[in-house]
Structure formats: structure tokens, C-alpha cells
Amino acid sequence: MKNYLILFILSMIAWHTKAQDTGQMRYLYGTEEIPGAKVKVESLEELDKPKLYVHKAEHDQKDLVFLVIPGGGYAGVAINHEGHDVAKRLNDLGYSAYVLLYRIPKEETMSNKKFGPLQDAQYAIAQIREENPEKQVVVIGFSAGGHLAGSLSNLFEHPQTPYLEKANLRPDYSVLCYPVLTMEEGVTHQGSKQNLIGPEFKAEDVELFSLEKQVDETNQPTFLMSAKDDKAVPIENSYRYQKALNSYNIPNTLFTYEEGGHGFGLINKTDSRDWFAVMMEWLQTVKK
């Protein structure tokens with residue numbers, strides 16, 4: 001009984017510490033109705049209400065601010081190890097970060113599910129710029145969150161609501177981690193493709209959301225990271241995107257692991273190299 005009590009107390013301490021690490025939560029659209037939603041906010045499930053978790057650095061004097069977009073195959077949001085943990089590490093370096101819990105594409109709650117997540121990401125960056133007018137914005141996305149970060153990085157000239165038309169929706173820097181970047185068969189992550197633009201795949205949707213085909217001279221410097229043995233999201237996604245960036249002479253780099261698979265977040269247990277530290281150093285070399 002004594003050992004059980006000790007374990008219970010330790011688990012509660014761990015839970016409380018973890019809860020403190022989630023930053024300050026706010027609803028992305030406040031108390032307003034969500035544009036393009038089929039269902040009123042009051043009737044939505046909590047997971048269908050997009051949120052922004054604000055992680056302010058204690059002494060924030062940096063010139064960069066970060067938008068972190070976790071993955072989850074457009075079926076969920078891995079908000080801890082690909083979200084809050086990343087924000088905490090940025091905070092430790094003195095940078096403020098915002099973690100986005102975006103809506104999962106659903107026909108029953110959205111007028112056009114393909115653009116629901118992008119709309120949320122665009123609202124997030126608009127708010128971040130409004131609150132940090134002197135800072136440049138770095139978007140970091142993982143897996144399907146990498147696809148959403150890539151969509152934000154490429155489709156910024158496609159504001160999803162009239163409110164967004166006057167906002168600067170273009171990230172200054174893009175960091176895409178083991179990202180889904182193409183919708184082409186044989187290379188894409190089928191689950192992400194199905195959830196975002198399925199079940200019927202229209203040619204124009206495959207084209208638009210195959211982000212290597214959207215790259216042009218307006219793209220931002222980009223850091224890519226992936227493992228060569230990733231079976232879920234083949235590294236070919238990153239190879240194709242890098243090739244497109246190179247064709248427009250966009251500054252970029254691809255950090256690769258021989259092993260590690262998919263979804264490891266900040267720590268690849270098969271390799272002592274720290275992609276995050278390399279990424280932060282790279283940002284300093286390309287920063288304007």
C-alpha cells in the first residue's frame with residue numbers, strides 16, 4: 001500500500017508538471033463562430049474546436065517566434081512530443097512559441113474539409129504576427145503537420161476567409177520534419193491523403209496539395225529532416241520538395257538519419273546527432 005501511494009503521488013506530480021508545460025490555451029476563433037463550419041461552436045465536440053497554446057519565453061528578446069504544428073495523419077494531433085515538447089525546448093533557448101491544435105478534416109463539421117486545417121493555420125499565423133509585429137515567423141511541422149506547415153508555406157496567397165485577405169500569411173522560414181509533402185501515389189502517406197482530400201481523389205486536389213508542385217520563387221528558406229528508413233512517410237517526399245526548392249534557388253538543407261523510422265519528435269534514439277540543434281544553427285545562417 002505504501003509503495004502504491006508513493007507511485008500515485010509521483011504520477012500526480014508528473015501529471016501536474018506535464019499540465020504546466022502546455023502553455024496558455026486559447027480558442028483560435030475565440031467566442032466567434034468558425035468560418036466555414038457546418039456546426040455552431042456550442043455544439044462541437046471539444047476536439048473539433050481549434051486551439052492555440054501560447055508558450056511565452058520568460059525573457060523574450062529574440063527576433064524569431066515559432067508556430068509549431070504537430071502531426072497525426074490528419075486523424076489526430078500528436079500535441080505533446082511534436083508540440084508542447086518542442087515549444088518547451090524553444091522556450092529554454094529564449095524563444096516564444098505557439099502550438100496549434102488544428103481541426104481534423106471532417107465532412108460533417110466543415111463546408112470544405114480540405115481547407116479546414118489550412119484555415120486554422122492561417123488564422124494562427126495572422127494572430128502570431130499581430131502579437132509579435134517586430135519578429136519573423138518560423139513554422140515547424142511534423143508528418144501531416146509538416147504537410148500543413150508546407151501548405152501554409154506555399155498557399156499563403158490563398159486566404160481562406162475575407163478576414164485573412166489583409167494579413168501576411170507567409171512564414172519567413174519553414175521547418176518540415178519527416179513531412180508528408182506529396183499526394184502522388186506510391187510516395188504519399190495514404191492515410192493523410194485519404195483524410196484530407198479523400199475518399200474520391202480529384203486531379204486538381206492531388207495537384208494543389210502535392211506541395212512540391214506549388215514551389216516557386218516566393219518560397220522561404222526551408223529546413224527538411226527525415227530518416228531514410230521511414231516506412232510511413234518515405235523520404236522521397238523530402239527529396240522531391242528539395243529538388244523543387246533547388247530549381248528556384250531557394251536556400252534549403254536536408255538533414256537525414258540512416259535510421260529512426262517515423263514520428264520520433266525531438267529525439268531519434270538510433271542516432272546521437274541532434275537535428276533540432278542543427279536546425280537552430282541553420283536558421284542563424286539564413287536569417288535576414
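In which sense do β7 and β8 pair, and over how many bridges? They pair in the parallel sense, over 6 bridges. The model is a predicted one.

## The β7–β8 pair and its crossover

Within this pair, Leu224 stands opposite Leu254 in β8. Helix α7 (residues 236–247) carries the chain from β7 to β8. The resulting β-α-β crossover is right-handed.

## The sheet

Both strands belong to an open sheet of 8 strands. The order is β1-β2-β4-β3-β5-β6-β7-β8, and the pairing is mixed. At the edges stand β1 (24–27) and β8 (252–257). Each has a single partner strand, so one side of each is left without a neighbour in the sheet. On average, neighbouring strands are turned by 20° against each other, direction ignored.

## The β6–β7 pair

On its other pairing, β7 (residues 222–227) meets β6 (residues 173–177). These two strands run parallel and are joined by 4 bridges. Ser174 has Thr222 of β7 as its bridge partner.

## Helices on the sheet

Helix α3 (residues 116–131) packs on the sheet. It touches β1, β2 (51–55), β3 (64–69), β4 (97–101) and β5 (136–142). The direction of α3 makes about 160° with that of β3.

Which strands does helix α4 lie across? Helix α4 (residues 144–154) lies across β3, β5 and β6. It runs at about 145° to β5. Strands β3 and β5 thus appear in the contacts of α3 and also under α4.

Technical notes. Residues are numbered from 1 along each chain as its sequence is written. This is a predicted model: local features need pLDDT of at least 70, side-chain atom pairs count only at pLDDT 80 or more; totals for chains, interfaces and linings use all residues. Side-chain values use heavy atoms; hydrogens and water are left out. Two strands pair if DSSP finds at least two bridges between them. Axes are lines fitted to C-alpha atoms, for helices over the stretch in contact, and angles run from 0 to 180 degrees between N-to-C directions. Contact means heavy atoms within 4.5 Å. A crossover is right-handed if, with the strands pointing away from the viewer, the path from the first strand over the helix to the second runs clockwise.
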